[in-house]
Every structure is written in C-alpha cells, then in structure tokens.
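Biologist: I would like to go through this structure with you and ask what stands behind each term you use. Please show it first.

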Amino acid sequence: MSTLEIKDLHVSIDTEQGVKEILKGVSLTIRTGETHAIMGPNGSGKSTLASTIAGHPRYNVTSGTIRLDGEDVLAMTVDARARAGLFLAMQYPVEVPGVSMTNFLRTAKTAIDGKAPALRTWTKEVKAAMAELRIDADFTQRNVNEGFSGGEKKRVEILQLELFKPKFAILDETDSGLDVDALKVVSEGVNRAQAEGNMGTLLITHYTRILRYIKPEFVHVFVDGQVVEEGGPELADRLEEEGYDRYATGAGAATIAAATAAAQA
Amino acid sequence: MTDITTEKARIGAPSAQPFINGFTEEGESLSPVNAAESKAPLAGDAVKRHSHGGGVGIPDSSRAGRLTSYQLADFKPLTGMEEDWRFTPLKRLRGLHTDVLNGAAPSVAVTAPEHVTVETVGRDDRRIGSAGIPEDRVSANAWENFSEATVITVPAEVQADGEISVVLTGQGTGASAQHLVIVAEKYSKAVVVLDHQGTAVVSENVEIVVGEGAQLTVISLQEWNDDAVHASSQQVKLGRDSRFKHIVVSLGGDLVRVTPSARFTAPGAEVELFGLYFADAGQHLEQRLFVDHAVANCKSNVLYKGALQGRNAHTVWVGDVLIRKEAEGTDTYEANRNLVLTDGARADSVPNLEIETGLIAGAGHASATGRFDDQHLFYLMARGIPEEVARRLVVRGFLNEIIQQIKVPAIEERLTAAVERELAATNS
C-alpha cells in the first residue's frame, strides 16, 4: 500500500509579464487502489499539477510538499521520480528523433527496475500489451512518437503505463482528442493496470466522457489553482449536466475577482 | 522533434539562419573565377554542353557552369566571397589555397585482399585524370603539387574478399598535396576504406572510376587530430549499370572540407552518398557534394546527418544535384539532417536541385535542423532514464542510420565508440 500526499502546494511559472502563480494551495492524498478524477475548466491548473508532480522544470514550487510514502518527491530529479514509481501520461507526448520504440521501452524498463528485463518474456509482454491496445506491431521499429497520430501517441502512453507498472499513474487529459473507439481502448488499458491492485490513479480531465469508462471514487473540482469542491462519482454526474458555469458565479468567480482586484491594486 | 524546420522542394533554398559577416546570402552567386580566357578543357559552358573540346567558361548560375581546371593559375585567389567558399574560414586553411604544397604528404599504407593491385606511380601515369578535374583552387593546388600517387585497381570481375584498407597518417603541419586513384574495373566488387588520422595540413584529390556493372563502396573516415586541416575532393565517374556507395565520416580535425562529386557517364547507374559528421567546439566540418545526372535513367540517393555541440562548432552541408536535359528518367533524392545539442553551434544546410527536364521519375530534397531540447530530455527522464543516458540514446539513434550503412563490422564498432567518446565530451 502506497500513499501519494500533496500538501498545500503552491506553484508558479515565469512569464514575460513576471512570475505568475498557478497553483494556490492544493492538497490531495491518493492511495493504492484509488482512482481520483481532477476536473476543471481550461486554465484552472490541472495540467500544472500533473507536470509538477513529474518534475517539469518549467514549474517552480514556492511552498508545500509532495511525498511518496513519506519520501520528499520535490527533492528528486525527474528520472528519480519515475524510478520511485510515478508515471505521467502526457497530454502532448514528445517526438524523440532517432530512438526506436523498442530501444526506448527497454531502456526505460531497465532504468525503472534497476535491471534489464529478461529478453524473451519482455518481448512477449510488449507484444501482448500492444495487441490489447491495438497498436500495430511495426510501431516498435518506429522512433518514439515520431509521425504518430494523436490517438496513437495516447495509446503508446498507456502502453508504457502498463509495462512500467508504476505506483501512481497521473493521466494528463489522456482523453482529449480521442474518438470513442480509441477512448475505450485507452480506458480499458488504464482499468487493466488499476485492476492489478498495485496502483493508484490520478485522472485529469476537462470532460466527463472518459468517466463512463474509468470510474473514479473521488472527484475534485479545480478552479483557478484550487480545489473548490470534492465529492464522489455523483459530482462528476452533476458536472456533466451543469458544466463548470456554476463555479464561475460561485467560489471560483470570487477568487478570480479577488485576484483581479489584487492585481489592479 | 518539435521545433524542426523542414524545407522541401525549394530550389536553391539558402540557409534559414543569419549569415556570417562578409558572406553573401545568394544561394547561387556567380563564380568570378569563371574567366572567359580560361584554357581549361571542360571549363565553364563546355561542361554544360558536356563536350570535351576545351571550352571557354561563361559565368553561369548553374552548377554546370563552374570552372574546372587542372591548372592552379586558372583559379583566382580566394577572397571568401566565392559561392563555394563562402562558409569556409580561409584563414584556417593554413595555406592550402595560397602556398606551394611541398610539405610531407600523409603516409599511405594499403592492406588489400588477393587480386587487388596497389601501385605508387608518378604524375605522368595514364590513370591520373581519369575521373576528375579539380573544381576549386585548393584541389587544383594539390593537383599541381603532388609528386606521386597511389593507384588501387580492382581488376575486372574480381570480387574482393574483405575491405581494402588505406591508412593515411599525417606527417605534420607542412601544407601538402595527396593523390589517390581507385579503379573498380568492369563487373568487379570491392569496399575501400580511406582512414585519415594523425596531424596533417593536406589537400587531397581522390579519383574514383567505377566501371561498367561494377559495385564499389568507398568509405572516407576523417578521424584526424584536433589541429589537422583537410580538403578532400573525391570525384567519381560511373559507368553503365554500375553501383557506387560513398560514406563520408568526419569527426576529427580543426577544419575538414570534403567535396564529393559523382558523374554519370552511361545509363543505368546508381549512386548512394551518405555522410556523418559530429562537430565539437571550434570545429569546422564542411561537406559539399555534387551529383551530375548527365545521362538518362540513373539514380541517386543522398543522406547526410550531423550532430553539433559546443561553442562555434560549425557544420556546412551543400548538396548540388543537377538533372541535365539529357537525363530523362532520373530518380534522385537528397536530404540533410542536423541535430544541435548545445547552444553556440551552427549548422548551415543548403540543398540545391536544378532540373532541366521534366521527364524524370522523381526528384526531391529535404533539410531539417533540430535541437535536442528540454522537451526531449524531460520526456525520456520522466520514464526513469537518467539525463546522460537519454542524450546518448538520441544521438546514437540519430547517427546510427548512417553507421549501419557501412556494413564493415570492425569500422561500425569503431565509429560507434567514437560517437560515444564525442558524447562523453558533451557532459564534461
């Protein structure tokens, strides 16, 4: 049983207009076996949270903590976080020239496990996982994400999730840009990984569509860098019906108004 | 790559980057040395008409109009403004363009399999001049100054067993001239490795004749010491239905400028030109190639890949492909890819495609220069891969496409190790 604990996290980025605070005190705890959904309108800081957990250098943590089973995640390098068991399925997977998928998957697996996987079982495992995600076998010969369609890139992210077996998977808008069939395939992959019982999932999404396939126990609504409401699956249903508008007239709008006033003062 | 710039089918596209001071931005500036009074055989317009009658040069923006001559005096002194010298730091040529090249030429040690003949001959040997005429002043200077030449012959129908190894070891910094002739007679098959090492200041002419139906691979390795200066004109003449593969690998040396030219003389021939270069801080590695589709139904494929790292690492790639009016049925493609690993490096890439007939099978060119950037690094590290391993993974993969064309295991291993050493230097 593992725990990923985020406490009062404040994150800012450097922009041309100066330092901009994006996360304004986020607290969240995820345990093995749990699925949490973070939902919110565009620009609310959802993806910033995902990238910050993974350690993207663009995001500066100004205060707060992230701990994985008590270990200080913020003190770890990006690769150390992955080896500690954190996996970020990226919203925009990067094309890496010159590196074949085969080579990449094996190198990453070796780094994460601390030893090279047994060749025969590994090849089998990769093939089987690719077949389940309906990824063509010839993808192994292609360079990482190079020339892949949007849907193919997302499937390959989930392929890695299934192969690397992290303690916590953070899915950053994995559903965006997918058609219904691809969405199903990708969701099944996440559910398979979750069903093995050794993983917790943080699902970040703008839409409720993916929640038909992946069922979260906890839903957190993000507005303007803060969690404004938390609840169970019923909260997601309500969001599907009402959208995010009511937050604009509620707590979120108040925060925005306050921020604007502060900026103008 | 995310911030890749790709140029396709822009004829005479100049480099996208700003130009060095004193250099012209014209992709096809006129050659001022193409003087009308030139007595050179095959000079100027004569080349374009493909006659052998001793023509008179007419300035022409086409690559076909470039002056060629055995006489140094036919080429005016270089100013750095010439189209074919505009990227080269002349000061660092250490006299190859101005001095009498009387220094000791790199020693030549040839190891050849059975049936292959190796000779050292004088200037008057009939095989000298059989594949090329100097296309620039530095090459002409070597032609005027070399004292003896090495001639390697693969006799007709001989399939050479194992590669022919030619080790050229520099003898110091005196400006010198070198001459090699490689003849693959009809229906022969061979692999030749030119292995340049040590310290030299040398202008080299390599003439390569590929006879009818012959299959020849020439690999030119430049693993010089840091202070070496090397200009190498490698000209190949292709016979009917011949196959020629050329692989240029430039890793070491202060300034290395390789100018391969491939000329088709009869239909049915195919040429593949590959190149790999890895420039470190301060290094200038230049490659300018020319494929002359002068006859019908020939094929050419060009791919050069380069990596750059460190302050003032500079690479130049210029690919001139000319499809003459007679060259119906031509199929050609050329591409250059560069990977910039650190700030302060500069890659110039200029593909030039001239097409004088529409009756061709295909013609294309591409050039892309990308950075290994933080996004690549983040992606790989987010999968648990340490930074140093990630960097290696990318560069090794990028350059391996060329290395695996060599197909001589010992050399592939050596170059893979050399690339690893270059990468280790990135992190120091």
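Modeller: Two residues are in contact if their C-beta atoms, placed from the backbone, lie within 7 Å. By that rule Ile182(B) touches Ile152(B), Val192(B), Val206(B), Ile208(B) and Val218(B), not counting residues up to four places away in sequence. Keep in mind that this is a predicted model.

Biologist: What makes Ile182(B) stand out in the largest nonpolar core?

Modeller: That core holds 190 residues, and Ile182(B) is among the four that touch the most other members, together with Leu88(A), Ile170(A) and Val192(B). Helix H4 (residues 387-403) of chain B supplies the largest share of this core, eight residues. In soluble globular proteins, nonpolar side chains tend to be buried together.

Biologist: Why is Arg94(B) called buried, and Asn297(B) partly exposed?

Modeller: A residue is buried if 20 or more other C-beta atoms lie within 10 Å of its own, exposed if 12 or fewer, and partly exposed in between. Arg94(B) has 20 such atoms, so it counts as buried. Asn297(B) has 18 C-beta neighbours inside 10 Å, so it counts as partly exposed.

Biologist: Where do these two residues lie, Arg94(B) and Asn297(B)?

Modeller: Arg94(B) belongs to the loop between helix H1 (44-49) and strand E2 (107-111) of chain B. Asn297(B) sits in the loop between strand E14 (284-293) and strand E15 (299-308) of chain B. Neither is a glycine, yet phi is positive in each: about 50° for Arg94(B) and about 60° for Asn297(B).

Biologist: Why is helix H1 (residues 46-54) of chain A described as largely enclosed?

Modeller: Nine of its nine residues are buried, so the rest of the structure largely encloses H1(A). Among them are Lys46(A), Ser47(A) and Leu49(A). After H1(A) comes Gly55(A), with a positive phi near 100°.

Biologist: Which strands of chain B are described in a similar way?

Modeller: In strand E9 (residues 215-224) of chain B, eight of the ten residues are buried, so E9(B) is largely enclosed by the rest of the structure. Strand E12 (residues 255-264) of chain B is mostly covered, with ten of its ten residues buried. Leu255(B), Arg257(B), Thr259(B), Ser261(B) and Arg263(B) point one way from E12(B), while Val256(B), Val258(B), Pro260(B), Ala262(B) and Phe264(B) point the other way.

Biologist: How do you know that E9(B) pairs with strand E11 (residues 243-252) of chain B?

Modeller: Two strands pair if DSSP finds at least two bridges between them. E9(B) and E11(B) have nine, in the parallel sense, and Thr217(B) has Lys245(B) in E11(B) as its bridge partner. E9(B) is also joined by ten bridges to strand E7 (residues 189-198) of chain B, again in parallel. There Asp195(B) stands opposite Leu221(B).

Biologist: Which strands does E12(B) pair with?

Modeller: E12(B) pairs in the parallel sense with E10(B), over ten bridges, and with E14(B), over seven. Ser233(B) stands opposite Thr259(B) of E12(B), and Ala262(B) has Val291(B) in E14(B) as its partner.

Biologist: What makes strand E3 (117-122) and strand E18 (346-355) of chain B edge strands?

Modeller: The open sheet has nine strands in the order E3-E4-E6-E8-E10-E12-E14-E16-E18 (chain B), with mixed pairing. E3(B) and E18(B) each have a single partner strand, so one side of each is left without a neighbour in the sheet.

Biologist: Why are helix H5 (residues 150-164) and helix H6 (residues 180-195) of chain A called roughly parallel?

Modeller: Their axes cross at roughly 10° and come within 9 Å. Angles under 35 degrees count as roughly parallel, and H5(A) and H6(A) are therefore described that way. The residues of their contact divide into seven nonpolar, two polar and four charged.

Biologist: How many residues of each chain are in contact with the other?

Modeller: 21 residues of chain A are in contact with 20 residues of chain B. On the chain A side, helix H3 (101-113) gives the most, with five residues. By class, that side has twelve nonpolar, six polar and three charged residues.

Terms used: Residues are numbered from 1 along each chain as its sequence is written. Chains are lettered from A and ligands numbered from 1 in the order in which they are written. This is a predicted model: local features need pLDDT of at least 70, side-chain atom pairs count only at pLDDT 80 or more; totals for chains, interfaces and linings use all residues. Helices (H or I, at least four residues) and strands (E, at least two) are DSSP runs, numbered from the N terminus. Ala, Val, Leu, Ile, Met, Phe, Trp, Tyr, Cys and Pro count as nonpolar, Asp, Glu, Lys and Arg as charged, and the others, Gly among them, as polar. Axes are lines fitted to C-alpha atoms, for helices over the stretch in contact, and angles run from 0 to 180 degrees between N-to-C directions. Angles under 35 degrees count as roughly parallel, over 145 as roughly antiparallel, 65 to 115 as roughly perpendicular and the rest as oblique. A nonpolar core is a set of buried Ala, Val, Leu, Ile, Met, Phe, Trp, Tyr and Cys residues joined through C-beta atoms within 7 Å.
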